Amino acid sequence: MGTKSTEIKASLAFNGMKPSELVLQAKQVHDAMPNNPVYTGAPVDPATLEGAIDTYIASAAQAADSKKAVAEREKQRKVLVGLLKQLAHFVEVACKEDMAVFMTSGFKPATYSRTAPQPLLPASISSVDQGNTGQLLVSVKSMPKARMVEVHYAPAGTVQTPPTPWTTVTIPNARKPAVLNNLTPGTTYTIQVRAYGMLGYTDWSDPVNRMVI
């Protein structure tokens, strides 16, 4: 047996197919299913599928003649697509999650496009406002994909002596300002922010200095 995969699904993108593409897909299934021991007991017999294919081909050939002919073509298209969907769901179960077996049905496996997680944009401080005495309110630039935001702060030092130790405040998102309490009035604080997303933390933002009153 072939390499196994879980939850194999057949492509059901029939509505986006041109008439010639739909006929080709239907014929591939019609030719592959009969006499295939894996797919005995299929809900649609080969003769019924062949009849639907032939009827659809005939209606498609006449569709350019009138609106009535176009409506008949679409009607027969729905009939054919309905039969293919019945067979597709039957095949998904009967193949027992074996891709090699599934491929002998004439159907194509569904493909899924998944976007890889992207790193967050750099975090930044939009404003630092005075709250009550000994309190600052730090607003962070909106970051919808961030799972949480950290703000750390400390009394400002010099370029040669960075401010330490940092005190960190965590907020669930950037929608509300971070509240820094119990600060010393008259002292200038250095503040930075960073965000946490699916790929981890961003770098700390550029520092902002603000004196608290």
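Three exercises with worked solutions on a predicted model follow. Residues are numbered from 1 along each chain as its sequence is written. In this predicted model, local features need pLDDT of at least 70 and side-chain atom pairs pLDDT 80 or more, while totals for chains, interfaces and linings use all residues.

**Exercise 1.** Describe the aromatic pair formed by Y153 and Y189.

Solution.
- Step 1: Rings of Phe, Tyr and Trp (its six-membered ring) pair if their centres lie within 6.5 Å. The centres here are 6.2 Å apart.
- Step 2: Planes under 30 degrees apart count as stacked, over 60 as edge-to-face and the rest as tilted. With 65 degrees between the planes, Y153 and Y189 are edge-to-face.
- Step 3: Y153 lies in strand β3 (residues 148–155) and Y189 in strand β6 (residues 188–197), 36 residues apart. Strands are DSSP E runs of at least two residues, and helices H or I runs of at least four, numbered from the N terminus.

**Exercise 2.** State where the charged end of R194 sits.

Solution.
- Step 1: A charge sits over a ring if NZ of Lys or CZ of Arg is within 6 Å of the ring centre and within 35 degrees of the ring normal.
- Step 2: The charged end of R194 is over the ring of Y201, 3.8 Å from the ring centre.

**Exercise 3.** Find which helix gives the largest share of the largest nonpolar core.

Solution.
- Step 1: Such a core joins buried (under 20% relative accessible area, 1.4 Å probe, protein chains only) Ala, Val, Leu, Ile, Met, Phe, Trp, Tyr and Cys residues through side-chain atoms within 4.5 Å.
- Step 2: The largest core has 28 residues, and L22, Y39, L49, L80, L84 and F107 touch the most other members.
- Step 3: At least two residues of this core come from each of α1 (19–32), α2 (46–62), α3 (67–94) and α4 (99–103). The largest share, nine residues, is from α3.

Conventions:
Side-chain values use heavy atoms; hydrogens and water are left out. Buried means under 20% relative accessible area, exposed over 50%, partly exposed in between (1.4 Å probe, protein chains only).
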